Amino acid sequence: MVLELEVLWLSEEDVKAVLSMDDAIDAVENAFRDHALGLVQMPPKSYLYFPKYGGDLRTMPAYLEGQNLAGVKIVNVHPANPTKGFPTVMALFILNSPQTGAPISIMGSTYLTSIRTGAAGGIAAKYLANPDSRVVGMVGAGTQARTQLMALSRFFKIELVIVSDQSIERAQSFERDARRFLDCDYQLTTSSRDACSCDILVTTTPARSPVVKDAWIKEGTHINAIGADAKGKQELESTLTKRAKVVVDDIAQAVHSGEVNVPISEGLLKSQEIHAQIGDVIIGKAPGRTSSDEITIFDSTGLAIQDVATGNVANRNALAAGRGIRLKFF
């Protein structure tokens with residue numbers, strides 16, 4: 001006899017309503033901690049490349065054994081999508097029962113992807129940036145830049161945000177949105193060099209050649225390098241990764257598709273020179289920032305454990321709030 005099974009469907013609107021940045025920060029930090037303690041299963045991302053359309057499709061499964069949570073995300077990255085009326089990134093996440101494998105909930109995860117990535121940047125800066133950082137530079141003013149700044153605002157008393165984008169209109173739109181959660185001074189520019197006059201620099205572009213030069217970065221700067229998430233992508237000049245203390249979310253993934261992938265393929269940087277994974281810093285296995293003048297880089301590729309952890313919170317909060325639609329599976 002097969003029991004009836006229902007699955008909870010959560011739309012993007014539902015997920016936005018029940019998943020806060022503070023929720024995401026707590027969930028992602030715990031996931032990074034479990035990663036460092038060896039309490040997760042996380043195969044490498046698998047990619048389908050669509051060169052004809054300038055995009056790709058990825059699957060990202062993970063099992064957080066310590067929390068008994070499992071799931072998989074399917075996500076695309078198509079940088080030209082905004083010109084067609086679609087987001088660059090669109091995602092769907094399935095939360096599964098480790099006990100039976102049955103799907104528990106299915107949710108639109110474009111917002112989830114953005115907020116969990118923002119949370120990761122905030123957590124990394126908490127451990128790697130100078131605690132008195134006041135000026136944030138943003139290279140790229142798209143959706144991901146917004147959640148990066150939101151997370152940083154949870155940890156730092158930000159006084160000035162320098163927003164750089166090729167489109168000044170996009171930078172203006174960013175400022176309007178950001179003022180809803182961070183009331184400070186904003187400086188808008190089309191020069192990425194201007195944005196580097198900061199304490200914390202965030203890069204969120206799909207660049208395949210450096211948009212930030214080594215010479216532009218002053219001592220003591222922390223950089224959240226977010227945009228490089230596929231082989232061949234690069235936002236920072238290779239020599240900068242050699243000069244800085246580099247912390248990654250996952251070494252295997254970063255070597256393949258993170259900010260360090262190009263410097264390593266060039267032979268300029270060796271994987272052994274990566275300082276640590278962020279989880280190792282969180283649990284105290286590796287030191288974070290050790291001096292006020294060192295340059296630190298967080299290379300964020302985005303991990304499936306982040307999706308599972310935040311997806312679980314979204315499901316839990318949705319059940320408590322009575323959100324979503326129950327669908328008959330069989």
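In this predicted model, the second largest pocket is lined by Tyr49, Phe50, Pro51, Gly54, Gly55, Asp56, Val77, Pro79, Pro206, Arg208 and Lys233. Two elements, β3 (46-50) and β4 (55-64), each give two or more residues to this lining. By character, the lining residues divide into six that are nonpolar, two that are polar and three that are charged. The volume of the second largest pocket is about 150 Å³.

Tyr49 of the pocket lining also takes part in an aromatic pair, and a search of the whole structure finds two such pairs. In the pair formed by tyrosine 47 and tyrosine 49, the ring centres lie 5.4 Å apart and the planes meet at 5°; the pair is therefore stacked, since planes under 30 degrees apart count as stacked. The surroundings of the two residues were also assessed. Tyrosine 47 has a relative accessibility of 16% and therefore counts as buried, the limit for this class being under 20%. Tyrosine 49, with a relative accessible area of 46%, is partly exposed. The other arrangement is found in phenylalanine 329 and phenylalanine 330, whose ring centres are 5.3 Å apart and whose planes stand at 45°, so this pair is tilted. Phenylalanine 329 has a relative accessible area of 48% and is partly exposed; phenylalanine 330, at 43% relative accessibility, also counts as partly exposed.

Charged side chains were examined next. Side chains of opposite charge can pair when their charged atoms come close. A search of the whole structure finds 19 salt bridges. In one of them, the side chains of lysine 245 and glutamate 294 meet, with 3.4 Å between the closest N and O atoms. This pair links distant parts of the chain, for lysine 245 belongs to strand β13 (residues 245-248), whereas glutamate 294 lies in the loop between α10 (278-282) and β15 (296-299), 49 residues apart. Lysine 245 is buried, its relative accessible area being 14%, and glutamate 294 counts as buried at 15% relative accessibility. Salt bridges that share partners also join Asp56, Arg58, Asp229 and Lys233 into one network. Of these network members, Asp56 and Lys233 are among the residues that line the second largest pocket.

A further salt bridge joins the side chains of aspartate 199 and lysine 218, at an N to O distance of 3.7 Å. Here too the pair links distant parts of the chain: aspartate 199 is placed in the loop between α6 (192-195) and β11 (200-203), and lysine 218 in the loop between β11 and β12 (222-225), with their positions 19 residues apart in the numbering. Lysine 218 has a relative accessible area of 40% and is therefore partly exposed.

The side chains of arginine 179 and glutamate 175 form another salt bridge, with an N to O distance of 2.9 Å. Arginine 179 is partly exposed, as its relative accessible area is 36%, whereas glutamate 175 is buried, with a value of 18%. Helix α5 (residues 168-178) contains alanine 178. Alanine 178 has 0% relative accessibility and so counts as buried. When neighbours within four places in sequence are set aside, alanine 178 is in contact with Leu149 and Tyr186. The C-alpha atom of alanine 178 is separated by 25 Å from that of leucine 303, a residue 125 places away along the chain.

Leu149, a contact of alanine 178, is one of the buried residues of α4. Helix α4 (residues 143-153) is mostly covered, with nine of its eleven residues buried. The buried residues in α4 are Gln144, Ala145, Arg146, Thr147, Gln148, Leu149, Ala151, Leu152 and Ser153.

Backbone geometry was considered at asparagine 68. This residue is placed in the loop between β4 and β5 (69-77). Its phi angle is near 55°, a positive value in a residue other than glycine. With a relative accessibility of 44%, asparagine 68 counts as partly exposed, because that class lies between the limits of 20% and 50%.

Technical notes:
Residues numbered from 1 in each chain as written. Predicted model: local features only at pLDDT ≥ 70, side-chain atom pairs only at ≥ 80, totals over all residues. Heavy atoms only, no water. Helix = DSSP H or I, 4+ residues; strand = E, 2+ residues; numbered from the N terminus. Buried < 20%, exposed > 50% of the residue type's maximum accessible area, 1.4 Å probe, protein only. Contact = heavy atoms within 4.5 Å. 1 Å grid on protein atoms, 1.4 Å probe; cavity = no way out; pocket = protein on both sides within 12 Å on 5 of 7 lines; lining within 4 Å. Points joined across faces, edges and corners; volume = space filled by probe spheres on them. Nonpolar A, V, L, I, M, F, W, Y, C, P; charged D, E, K, R; others polar. Phe/Tyr/Trp six-rings, centres within 6.5 Å; stacked < 30°, edge-to-face > 60°. Salt bridge = Lys/Arg side-chain N within 4 Å of Asp/Glu carboxyl O.
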